Amino acid sequence: CTVIFTRLATRDLHKPISILFCNLAVSDLFTSFSGFWISMLFITNPDITIFGSRDMLAPYALYTTSILSTIYNLVSIGIERYLAVAESMRTRFRVARNHSIAVVFVNWVLAFFLGCLPLMGWNCLHAERSISVLYSPFCVNYLIFIAIPNIVVAFLVPLFTYLRIIIILRKRKLRMQACGQAMGTYKSAETQVARTSISIWLLALVSYAPFFAGVIFDATNQRCHIDLYPGVYIFRNCTAMLITITCLGNPVLYTLRLRSLGAKLQALRCLSANRVRACTI
């Protein structure tokens, strides 16, 4: 919410990358909200989160939609950064604000369509054979259909984009070094991109790899719910906590330079204080 408020209240939202950052914060907010909804259902009626119920379809669908939107936003940010740095054969492709708005719209449409498939009928309320053990009443084949391609995209596309950015910056640094020019800017940019990309990879690995392992376990498991209680469901809850931690880590990695954010919040507070003082006078 702090990221959304700060970017809406300043002129940063005019930049294409800021639109993607703000949308990423919205996706994380939806993930946190849907996770809270599932937690409240667990507190009020724990059995439906274990054995499944029609009441779990809507919160699980919102949870899936928000996670997919987060993944697509992370991929979009990596591609935008690559296009902003990379040069084509003769001219540089510039990402405009309209491009970012279109990407945000496509991301949400795709995330809602894939995430709401169980609400459209792809669920196992009446099919016990292929029902998921961890996420009842979702079907195992639906989880495989959602998890495998999206997690592959979440890992491979940022790998390509950030590695290409590092390679491009290094080539420019070597070119300027050969010409005897200062290269401090490119060296600093290369170091910053490398650190950011490593952090992104570690956060994605820690957050989504357990969920992927849970889907694989679901697909290979043949035992019923009660035989796996409580250890497997503790693992499921830990996986949800890791995904929530991702929602906290994304603003730090992508949008928060703590000093600059503090300066912006301080400027906003001073601006509001000046307005109140002027109104009082």
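## Close-up views of a predicted helical model

**View 1. The surroundings of Y142.** Setting aside neighbours within four places in sequence, Y142 is in contact with T64, L114, G115, L117, P118 and W122. Keep in mind as you explore that this model is predicted. Which residues have the most contacts inside the largest nonpolar core? They are Y135, F138 and Y142, and this core has 33 residues. Several helices help to build this core: α2, α4, α5, α6 (140-178), α7 (184-220) and α9 (231-255) each supply at least two of its residues.

**View 2. A second nonpolar core.** Separate from the largest core, there is a second one of 17 residues. Look for I19, F21, V104 and W108, which are among its members.

**View 3. Helix α1 against helix α2.** Here you can follow α1 (residues 2-9) as it packs with α2 (residues 16-44) at an angle of about 150 degrees, the two axes being 9 Å apart. Angles over 145 degrees count as roughly antiparallel. The two helices are therefore roughly antiparallel to each other. Their crossing is left-handed. From α1, the residues V3, I4 and R7 meet S18, F21, C22, A25, V26 and L29 of α2. Sorted by class, this contact has seven nonpolar residues, one polar and one charged.

**View 4. Helix α2 against helix α4.** Now find α4 (residues 57-85), which packs with α2 at about 160 degrees, with 8 Å between the axes. That angle makes α2 roughly antiparallel to α4. The crossing of α2 past α4 is left-handed. How many nonpolar, polar and charged residues does the contact of α2 with α4 have? There are 17 nonpolar, ten polar and three charged residues.

**View 5. Helix α2 alongside helix α5.** In this view the axes of α2 and α5 (residues 97-115) come within 8 Å and cross at roughly 20 degrees. Angles under 35 degrees count as roughly parallel. So α2 and α5 are roughly parallel to each other. Is the crossing of α2 past α5 left-handed or right-handed? It is right-handed. On the α2 side, the contact is made by P16, I17, I19, L20, N23, V26, S27 and F30. Its partners on α5 are R97, S100, I101, V103, V104 and W108. By class, the residues in this contact divide into ten nonpolar, three polar and one charged. You may recognise I19, V104 and W108 from View 2, where they belong to the second core.

Definitions and conventions: Residues are numbered from 1 along each chain as its sequence is written. This is a predicted model: local features need pLDDT of at least 70, side-chain atom pairs count only at pLDDT 80 or more; totals for chains, interfaces and linings use all residues. Side-chain values use heavy atoms; hydrogens and water are left out. Axes are lines fitted to C-alpha atoms, for helices over the stretch in contact, and angles run from 0 to 180 degrees between N-to-C directions. Helices (H or I, at least four residues) and strands (E, at least two) are DSSP runs, numbered from the N terminus. Angles under 35 degrees count as roughly parallel, over 145 as roughly antiparallel, 65 to 115 as roughly perpendicular and the rest as oblique. A crossing is left-handed if the near helix is turned anticlockwise from the far one by less than a right angle, and right-handed if clockwise. Contact means heavy atoms within 4.5 Å. Ala, Val, Leu, Ile, Met, Phe, Trp, Tyr, Cys and Pro count as nonpolar, Asp, Glu, Lys and Arg as charged, and the others, Gly among them, as polar. A nonpolar core is a set of buried Ala, Val, Leu, Ile, Met, Phe, Trp, Tyr and Cys residues joined through side-chain atoms within 4.5 Å. Buried means under 20% relative accessible area, exposed over 50%, partly exposed in between (1.4 Å probe, protein chains only).
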